[in-house]
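Visitor: I am new to this structure. Please pick one spot where aromatic rings meet and show it to me up close.

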Amino acid sequence: MVASSVSLRGSSSNTLLHHFPRNITHRSSCKYFHGDVGKFKSARSCSTAIWDALHESPVVQNEGNGKGIEFLYLMEGIRANVQTYLWLFEGCLNFGSLLVAKKLHAKLFKSGFDGEHVFDDIPSPSVSLWNEVISRLLAKKLASQVLALFSRLITENVTPDESTFASVLRACSGGKASFQFIEQIHAMIIHHGFGSSPLVCNPLIELYSKNGHVDRAKLVFERLFLRDSISWVAMVSCFFQNGWEDEAILLFCQMHKSAVVPTPYVFSSVLSACTKIESFKLGEQLHGFIVKWGLSSETFVCNALMTLYSRWGNLIVAEQIFSKMNRRDRISYNSLISGLAQCGFSDRALLLFEEMQLDCMKPDSVTVASLLSACASVGAVMKIEGLMPNQYTYPSILRTCTSLGALDLGEQIHTQVIKTGFQFNVYVCSVLIDMYAKLGELDTARGILKRLREEDVVSWTAMIAGYTQHDFFTEALKLFQEMKDQGIRSDNIGFSSAISACAGIHTLNQGQQIHAQSYVSGYSEDLSIGNALVCLYARCGRVQDAYLAFEKINAKDNISWNAFISGFAQSGHCEEALQVFSQMNQAGVEANLFTFGFAVSTTAHMANIKRGKQIHAMIIKK
């Protein structure tokens, strides 16, 4: 609803265009009103004349009169066109008539107006009108409609301006647009001469950053002639969020030299970058700048500072920052609780958690993980007032047990699960199965799966993955077939685990069949399935097929290379294994202990002492 005269006066007659009707027909607006009809006949291009006619009526002058709505609005059964409503709203603006505007707004809603067809009745609408509608849709978070309207704008040969592009780019940030679409918009921005406009380029930098295209964001930033504070902050944040910590810090230094006033947000990003690369001294210097700029009371800056000092082991300063904070959020508590737990101050971590409860802050998975590392048993965590066990708390704790390999603690939590009646909750059970399977308690995991009352693909594939991980390949494939027989469609984890099981027992044909099933199910480009297929071909000695499968993986990770090397090594293709190991080093991919282990065993198998010494030297260097 129109809330105030300020909002009316601050907008044009297009304020409510996003509520306009579908299938509008042009009629003379003079037909639609009681009163002095003659004055309307010459007023099709003059909204003031229309309003004068209405204003002279005693019905309109008495805005409290219920008959005013009949006079101002349409007669029952007749729909006004867009231009009529524009005239009326412009009259409301000119005469400051809030009550009439509110009643007119109500009529708009009753008439079922929307913004999608607003331009159907307006010949040659200006770009400012398009921008008004786009901005209204964007404010309502209707990104898809914004993009559709932009496409229509281009189709109707309307020339977009800076505001158009800025709004459309913000609509793209919701993930509704393909990257190809974003690139097309970028090309149009350059074509229309806005390639150096901060209004357009700032959201473009943020958009490229969210999609991980740092180089493109950097190029946009470098082409900016006049960089405002938002430009600098967007680029620093882009570097940090995509793991370019050194570049984020260097750009911040450049920003400082350019005399650009830093924002709390940019300090938060740079401090986090310092923490990640363990540049604690630089972070301490930044702390001085923060105090100088008067930003030491900003919550997210304090959170970043506490994390920095906690990781550095300087808990005295971290606790001082915490005690001086005016407003604390969950991250504030988590930062200090984690720091205290990591440094062995378990009692203080638990006391701070109690204080967190008194401050009406609910714990999350980060809180629970920190407390688990501080406590000797789950009982100490569960006894703390406010940590209510539920279907979300239990999985968070159980995942932490899995990552820490804390089976004893996981078993205690399982007991709590049963006591609190969550033993049949699908979500909790799937995480229990995953924990027991990964930690080698396969019989326990299978027992939970058998007792499960609902068909849950995550639980089944967690069990299959557990069998494969512990080399029970035949059991994994039997369970995979059983899952299929029950009509449960596998996910990517199930397919990759089954293909890996086939690799383990060298059943090439079955592995290829499962891969074909995964392809039909829409997992043609899944990384885990691609890695499993490489391993299958390599272990079965199919060298060329292994290379082809490896080349088809778009985003190769460490596991892709390891699958390649280990597969060749286990099938006796030692030369190929060492060749892939060399290619991995040339590609700049960091080898881990798993990689080195297979490389060394391969040289031993070949009795290649010279190559073995070279790999040994690489291990020592690391």
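**Around a buried tryptophan**

Guide: Let's start with Trp232, which is buried at a relative accessible area of 3% (buried means under 20%, exposed over 50% and partly exposed in between, with a 1.4 Å probe and protein chains only). This is a predicted model, where local features need pLDDT of at least 70 and side-chain atom pairs need 80 or more, while totals for chains, interfaces and linings use all residues. Residues are numbered from 1 along each chain as its sequence is written, and side-chain values use heavy atoms, without hydrogens or water.

Now look for Phe221, also buried, with 4% relative accessibility. Arg227 joins the picture: its charged end sits over the ring of Phe221, 4.3 Å from the centre (CZ of Arg or NZ of Lys within 6 Å of the ring centre and within 35 degrees of the ring normal). That charged end also sits over the ring of Trp232, 5.7 Å from its centre.

The model has 16 aromatic pairs (Phe, Tyr or six-membered Trp ring centres within 6.5 Å; planes under 30 degrees apart are stacked, over 60 edge-to-face, the rest tilted). Phe221 and Trp232 form one of them: their centres are 5.3 Å apart and their planes meet at 80°, so the pair is edge-to-face. Phe221 belongs to helix 13 (residues 214-222) and Trp232 to helix 14 (residues 229-241), so this contact links distant parts of the chain, eleven residues apart (helices are DSSP runs of H or I, at least four residues, numbered from the N terminus).

For company, Phe322 and Tyr333 are edge-to-face too, with ring centres 5.1 Å apart and planes at 75°. Phe322 lies in helix 19 (residues 315-324) and Tyr333 in helix 20 (residues 330-342), parts eleven residues apart in sequence. Phe322 is buried at 5%, and Tyr333 is buried at 1%.

Conventions: Helices (H or I, at least four residues) and strands (E, at least two) are DSSP runs, numbered from the N terminus.
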